[in-house]
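Here is a short set of exercises to work through with the coordinates open beside you. Try each task on your own before reading the solution that follows.

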Amino acid sequence: MKKKKIMLIDDEVDFLRILKLNLEDKGGYEVIALSSAKNIVAEVDKYKPDCLLLDLLMPDIGGMDVCQILNNDPVG
C-alpha cells in the first residue's frame, strides 16, 4: 500500500522537524517538510501531496495566501 503524502509548511524549523518525525514514525505518512511557501505551486506540482498542513502566519507568505494561490493556479 502506498503511503499518503503530507506536505508541511512552517517557518518554525524545530516544530517542523518534530511534526515530521511524528507523522512519519507514528502515522506512517510520507512527509515533505518546507520552511517556506515561496515556490508553492512548483513544490505541489513536484510532490503531489495528498494533504497540506500550513502555518497561517509566516514571514514570506502565509497559509491563507497559499490557499488562494493554489485555488487560482491549480496543479494536476
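**Exercise 1. The fold in outline**

How many helices and how many strands does the chain have? Give their order as well, and judge the overall compactness.

Solution. Keep in mind that this is a predicted model.
- Step one is the count: the chain has three helices and three strands.
- Step two is the order, which reads β-α-β-α-β-α from the N terminus on.
- Step three is compactness. The radius of gyration is 12 Å, close to the 11 Å that the globule rule gives for 76 residues, so the chain is as compact as a globular protein of that length.
- To finish, the C-alpha atoms fill a box of roughly 35 × 30 × 15 Å along the principal axes.

**Exercise 2. Surface, contacts and charge**

Describe the chain through its burial, its contacts and its charges.

Solution.
- Start with burial: 29% of the 76 residues are buried.
- The accessible surface comes to about 5,200 Å², and carbon and sulfur atoms account for 53% of it.
- Next, take the contacts between residues at least 6 apart in sequence; of these, 66% join residues at least 24 apart.
- Lastly, average the charge positions: the mean position of the 10 positive charges and that of the 14 negative charges are 9 Å apart.

**Exercise 3. The nonpolar cores**

Which residues form the largest nonpolar core? Trace them back to their elements.

Solution.
- The core has eleven residues: Met7, Ile9, Ile32, Leu34, Ala37, Ile40, Val44, Met58, Ile61, Val66 and Leu70.
- Two or more of these residues come from each of strand S1 (5–9), strand S2 (30–34), helix H2 (40–47) and helix H3 (63–72).
- Apart from this core lies another, of five residues, including Ile6, Leu8, Leu16 and Val31.
- For background, nonpolar side chains in soluble globular proteins tend to be buried together.
- Now zoom in on Ile32. Not counting residues up to four places away in sequence, Ile32 touches Lys5, Ile6, Met7, Leu8 and Tyr47.

**Exercise 4. Glutamate 30 and its partners**

Find what glutamate 30 contacts beyond its sequence neighbours.

Solution.
- Glutamate 30 sits in strand S2.
- Its relative accessibility is 37%, so glutamate 30 counts as partly exposed, a class that runs from 20% to 50%.
- Leaving aside neighbours within four places in sequence, glutamate 30 is in contact with Lys3, Lys4, Lys5 and Ile6.
- Check one pair by distance: the C-alpha atoms of glutamate 30 and lysine 5 are separated by 4.7 Å, with their positions 25 residues apart along the chain.

**Exercise 5. Three loop residues**

Is lysine 38 buried or exposed? Place lysine 48 and proline 59 in the same way.

Solution.
- Lysine 38 lies in the loop between S2 and H2. Its relative accessible area is 65%, so lysine 38 is exposed.
- Beyond four places in sequence, lysine 38 touches Asp60 and Ile61. From lysine 38 to valine 66, 28 residues apart in sequence, the C-alpha distance is 9.0 Å.
- Lysine 48 is in the loop between H2 and strand S3 (51–54), and a relative accessible area of 42% makes lysine 48 partly exposed.
- Look at the backbone too: phi of lysine 48 is near 50°, a positive value in a residue other than glycine. Most residues other than glycine have a negative phi.
- Proline 59 belongs to the loop between S3 and H3 and is exposed, at 70% relative accessible area. Its C-alpha atom and that of isoleucine 40, 19 residues apart along the chain, are separated by 14 Å.

Methods. Residues are numbered from 1 along each chain as its sequence is written. This is a predicted model: local features need pLDDT of at least 70, side-chain atom pairs count only at pLDDT 80 or more; totals for chains, interfaces and linings use all residues. Side-chain values use heavy atoms; hydrogens and water are left out. Helices (H or I, at least four residues) and strands (E, at least two) are DSSP runs, numbered from the N terminus. The radius of gyration is taken over C-alpha atoms; the globule rule is 2.2 Å times the number of residues to the power 0.38. Buried means under 20% relative accessible area, exposed over 50%, partly exposed in between (1.4 Å probe, protein chains only). Contact means heavy atoms within 4.5 Å. Accessible areas come from the Shrake-Rupley method with a 1.4 Å probe; for residues, only the protein chains shown count as cover. Lys and Arg count as positive and Asp and Glu as negative; His and the chain ends are not counted. The place of a charge is taken as NZ of Lys, CZ of Arg, CG of Asp or CD of Glu. A nonpolar core is a set of buried Ala, Val, Leu, Ile, Met, Phe, Trp, Tyr and Cys residues joined through side-chain atoms within 4.5 Å.
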